[in-house]
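User: I'm new to reading structures, and whole models make my head spin. Could you pick one part, look at it closely, and then tell me how it fits in with everything around it?

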Amino acid sequence: MTVVSVKALASVHRSVARSRRSRGLWLALLIAALVVLTILSVTIGTRDVAWAEIAAALGGAQETIGQAAIALRVPRTLLALLAGAALGLAGAIMQGVTRNPLADPGILGVNMGASLAVVIGVAWFGMASAQAYIWSAIAGAAGAALFVYTIGSLGRGGATPLKLALAGAATSVAFSSLVIAVVLPRGDIAGGIHAWQIGGVGGATYDRVLPVLPFLGIGFAISLLSARKLNSLALGDDVAAGLGEHVAAARAVASCGAILLCGATTAICGPIGFIGLMVPHLCRVLIGVDHRWLLPFSALGGAALLLAADILGRIVARPGELDVGIITALIGAPFFILIVRRQRVREL
Amino acid sequence: MQPTIERLALNRRRRTRRHRTAVLTLLILVGLLFGLTLSVGQSIVAPVDVLRILIGEPVAGASFTVGQLRLPRAGLAVLSGLCFGLGGAAFQIMLRNPLASPDIIGITSGAGAAAVFAIVVLQMSGPMVSLLAVGAGLGVAMLVYGLSFRNGVGGTRLILVGIGVSAMLQSVIATILSTAPSWSLQEAMRWLTGSVNGAQSQQALPLLLALGVFGGVLLSRARDLDALRLGDDTASALGVRVAQTRMVVIVCAVGMIAVATAVTGPIAFVAFLSGPIAARIVRANGSLLLPAALVGAILVLAGDYLGQVLLPSRYPVGVITGALGAPYLLFLIVRVNRTGGSL
Amino acid sequence: MTDHTLVATGLSAGYDGKEILQGLDLAIPSGRITVVVGANACGKSTFLRTLSRLLAPTKGHVLLDGASIHRMPARQLARTLGLLPQAPIAPEGITVVDLVSRGRHPHKSLFSRWTRGDDEAVDGALAATKTFDLAERPVDELSGGQRQRVWIAMALAQETDILLLDEPTTFLDINHQIDVLDLLTDLNRERGTTIVMVLHDLNLAARYADALVAMAGGRIHAFGTPEEVLTEDMVRKVFGLESRVISDPLSRRPMMLPIGRHKMAGNEAA
């Protein structure tokens with residue numbers, strides 16, 4: 001080996017060590033941000049509450065209105081963290097599985113699939129329990145994901161970003177028009193469905209969050225464990241197969257995790273878009289493309305972003321509040337367009 | 001080899017004849033549906049009486065129903081259908097993708113968001129809402145065009161940017177609706193579903209203007225549009241000014257669709273489905289624009305008739321076209337992706 | 001066929017503010033076959049796109065018979081200068097004869113009808129490219145070689161005196177490559193059409209070109225007959241490759257044999 005390549009090797013080693021250190025740094029920063037946001041989320045709201053009251057409320061007291069408000073903010077914060085983490089992680093998985101920079105549960109129509117399933121369940125089968133909501137949302141999400149991915153990857157070139165995004169957008173439009181057709185003749189349920197469709201994390205209670213926890217837990221576990229598989233898939237199906245990966249199975253397992261996550265989230269929060277799109281892109285800029293790091297970072301980043309969006313929604317529209325879904329859409333859509341503009345046309 | 005030129009000429013004449021037959025058949029269908037809407041509803045008016053009313057003679061017990069209720073309704077259905085069909089097909093041909101219709105790339109949701117904002121937040125009603133919707137539809141189209149501009153406008157980039165903008169506008173609509181008091185919610189929802197209920201004859205005027213001006217320009221550019229289907233480079237090599245043609249088509253198609261949306265609300269999927277349905281009817285026999293416009297008129301007329309007369313409870317036409325269009329749309333995506341995606 | 005002059009003067013062009021062509025001068029020989037070669041990303045496609053008005057130059061001009069093509073009416077230019085792009089798109093289900101008829105577009109105005117002359121042009125194009133038997137078949141069903149001949153037929157139906165082609169042989173099997181190049185040579189001989197094309201294969205370029213253009217770094221590195229241009233020195237400078245240039249025993253044109261680190265006679269034994 002020549003002198004030059006030894007030097008090059010040494011510099012590679014140094015840069016690897018540096019990137020490890022910087023990952024640690026970013027991780028610490030992200031966790032610190034989460035802590036700060038959590039504190040802000042509990043203290044900031046449409047009603048100003050004094051610190052003493054907050055402390056008392058966290059201790060369990062519920063005597064004043066202020067303390068009662070805090071008691072509502074805690075589960076809300078919890079839900080925002082969980083939902084954000086789930087959506088961020090699901091987005092990272094979907095982008096990995098489809099090798100597609102535009103993959104997102106909202107863009108790919110997965111959220112709308114969950115909505116349609118829930119609406120049909122309520123309108124035609126008289127569904128009312130939380131458990132039934134969750135199961136039907138997950139079934140709808142899975143059906144939509146499978147459908148969109150299948151039709152998006154038909155034909156020449158496989159699942160290109162354009163074909164997937166169009167298939168997702170068209171499926172969304174079709175599903176939402178079916179939702180209207182199902183709901184419209186049923187004036188009795190229209191109000192409830194509408195409130196659910198707007199969703200958000202505002203109305204969270206422990207009772208509503210609890211049933212969804214096992215689903216989210218399994219979803220997180222499957223997703224985080226498929227990091228290595230996604231690293232192989234990132235090299236293309238043929239190379240992944242050459243590396244000994246069972247491509248179809250890897251894809252199916254990872255997708256299951258993502259579908260559990262976004263189905264369960266949609267069941268309690270309604271559709272929230274763009275978190276799954278933005279977070280993985282930002283994380284990739286910070287810590288690179290290794291999914292073993294990217295997936296946990298996306299989860300933490302998603303939690304931070306959704307919580308921040310929720311806090312923002314409480315601040316900008318005082319004395320009312322803006323739903324978190326509109327905040328993420330207003331930030332996310334320009335981000336989406338930015339990604340589209342940065343891609344070379346030929347790749348699209 | 002056979003006397004080739006004769007055979008070619010013969011086949012060309014045959015194709016032209018087939019195209020003419022298809023257009024004529026569609027025209028007759030529009031006429032039949034129009035007549036049906038006028039004569040058979042909750043009450044039945046004999047065709048002879050309908051004709052007498054149309055030429056201005058009074059017919060006892062039917063003049064009001066046919067002349068004041070059904071005629072404006074059927075007229076509006078035809079005109080808006082023509083606008084949606086022609087505008088949508090022009091868009092799809094220009095971007096070489098049937099899925100790239102105004103419903104998907106944000107123009108419809110732009111008009112919708114503006115209308116909902118006007119109704120719920122500004123508490124407007126009537127023509128001001130329509131005007132705002134037209135403006136917003138054009139504005140969103142320009143925004144999408146501008147945002148996708150980079151060394152010229154790539155069709156792919158335009159579609160994707162449109163999807164992003166549309167997603168944002170949808171959530172704006174949802175948010176406004178969530179804060180709406182119930183009375184304006186009703187109004188906004190009615191507008192959003194798209195219908196020709198309560199049609200009045202003066203509403204036809206903007207549609208006629210849009211058809212005359214924008215539709216005329218579009219039809220005069222039919223040959224350039226057709227060349228665009230071969231790809232920007234080939235079209236340019238054939239002497240088409242690609243950027244200019246694209247601009248003209250966008251302005252005209254968006255103008256037509258925005259005006260129609262402002263008058264009737266976004267009637268789901270008519271702009272989307274007219275082109276592909278027309279393509280299946282005329283095949284490669286000639287220009288798609290005129291047949292697509294006629295198919296649009298048929299869709300709105302038939303959808304409205306179905307929703308008003310044939311079903312047990314009444315639905316606005318937008319719900320009918322939405323529910324029936326959705327499965328066809330899904331089928332279309334499958335077909336388009338399998339075959340590579342041109343119209 | 002009338003003689004035309006097609007000249008690039010001080011031509012600079014590029015994408016995203018990056019200049020790929022840097023002040024390029026070239027006069028295309030009329031009635032001849034000119035082939036452009038060069039390494040990837042040397043600007044040969046950009047040159048062809050600028051030459052055909054698909055891309056506007058940032059500096060300099062492309063002059064057709066002394067007039068800048070970027071200021072000429074598009075339709076008028078398209079009656080003199082045709083282009084076959086690298087990846088043309090065939091609408092779904094279109095038949096061969098219909099596609100070839102599209103080549104008549106620059107000869108039609110808003111109200112003009114299809115004439116017997118149009119039929120003759122289309123017919124001639126189909127015959128010249130031996131695609132007449134395919135005339136009624138959908139383009140999607142054809143093989144790569146057949147499809148390329150159909151596209152050339154469309155460009156022929158356009159009846160231009162100058163035809164530009166961007167890598168017309170890419171993705172074709174070797175027999176179809178020869179087929180297409182022979183067809184273009186026929187066209188040049190029989191109709192006197194000026195042909196300018198980008199080719200990837202140096203040896204095919206040298207065999208079929210009357211004039212060879214070697215590009216490097218957005219400039220013309222060498223221009224002349226194949227014998228003048230295809231030299232060991234040029235291959236070293238333009239492609240960064242050591243080579244031996246011999247005379248092709250079939251065509252008597254120069255032929256390049258690359259020199260690698262292995263499998264050279266006398267080298268393997270050691």
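Analyst: Let's go through one group of packed helices, then step back to the chain they belong to and its neighbours.

A quick heads-up before we start. This is a predicted model, so local features are given only where pLDDT is at least 70 and side-chain atom pairs count only at pLDDT 80 or more, while totals for chains, interfaces and linings use all residues. Residues are numbered from 1 along each chain as its sequence is written, chains are lettered from A, and ligands are numbered from 1, in the order in which they are written.

Our part is helix α14 of chain A, residues 291-316. (A helix here is a DSSP run of H or I with at least four residues, a strand is a run of E with at least two, and both are numbered from the N terminus.) Two crossings involve α14(A), one with α3(A) and one with α15(A).

Take α3(A) to begin with. The axes of α3(A) and α14(A) come within 6 Å and cross at roughly 140°. (Axes are lines fitted to C-alpha atoms, for helices over the stretch in contact, and angles run from 0 to 180 degrees between N-to-C directions.) The two helices are therefore oblique to each other. (Under 35 degrees counts as roughly parallel, over 145 as roughly antiparallel, 65 to 115 as roughly perpendicular, and the rest as oblique.) The crossing of α3(A) and α14(A) is right-handed, which means that the near helix is turned clockwise from the far one by less than a right angle; anticlockwise would be left-handed. Who sits in this contact? By class, there are 16 nonpolar, 9 polar and 1 charged residues. (Ala, Val, Leu, Ile, Met, Phe, Trp, Tyr, Cys and Pro count as nonpolar, Asp, Glu, Lys and Arg as charged, and the others, Gly among them, as polar.)

Now zoom in on one residue, Ala80(A), which lies in α3(A), residues 65-98. Is Ala80(A) buried or exposed? Ala80(A) counts as buried because it has 29 C-beta neighbours inside 10 Å. (Buried takes 20 or more other C-beta atoms within 10 Å, exposed is 12 or fewer, and partly exposed is in between, with C-beta atoms placed from the backbone.) Leaving out residues up to four places away in sequence, Ala80(A) touches Ser41(A), Val201(A), Leu306(A), Leu307(A) and Asp310(A). (Contact means that C-beta atoms, placed from the backbone, lie within 7 Å.) If you like long jumps along the chain, try Gly219(A): it is 139 residues from Ala80(A) in sequence, and their C-alpha atoms are separated by 17 Å.

Some of those partners of Ala80(A) come back in the next crossing. Helix α15(A) covers residues 324-342, and its axis comes within 8 Å of that of α14(A), crossing at roughly 110°. That makes α14(A) roughly perpendicular to α15(A), and this crossing is right-handed. Leu306(A) and Asp310(A), together with Ala309(A), Leu312(A) and Gly313(A), are the α14(A) residues here, and they meet Val324(A), Ile327(A) and Thr328(A) in α15(A). By class, this contact has 5 nonpolar, 2 polar and 1 charged residues.

Time to step back to the whole of chain A. What is it built from: how many helices and how many strands? Chain A has 15 helices and 0 strands. Of its 348 residues, 50% count as buried. Among contacts in chain A between residues at least 6 apart in sequence, 77% join residues at least 24 apart.

And the neighbours? Of the 2 pairs of chains that touch, A and B have the most contacts. In that pair, 36 residues of chain B are in contact with 38 residues of chain A. On chain B's side, the elements giving two or more residues are α6 (155-179) and α14 (317-339) of chain B, and α6(B) gives the most, with 15 residues. That side divides into 20 nonpolar, 12 polar and 4 charged residues. Chain B also meets chain C, with 27 residues of B in contact with 33 of C. There, α1(B) makes the largest share of chain B's side, 5 residues, and by class that side has 10 nonpolar, 10 polar and 7 charged residues. Chain A and chain C do not touch, and their nearest C-alpha atoms are 11 Å apart.
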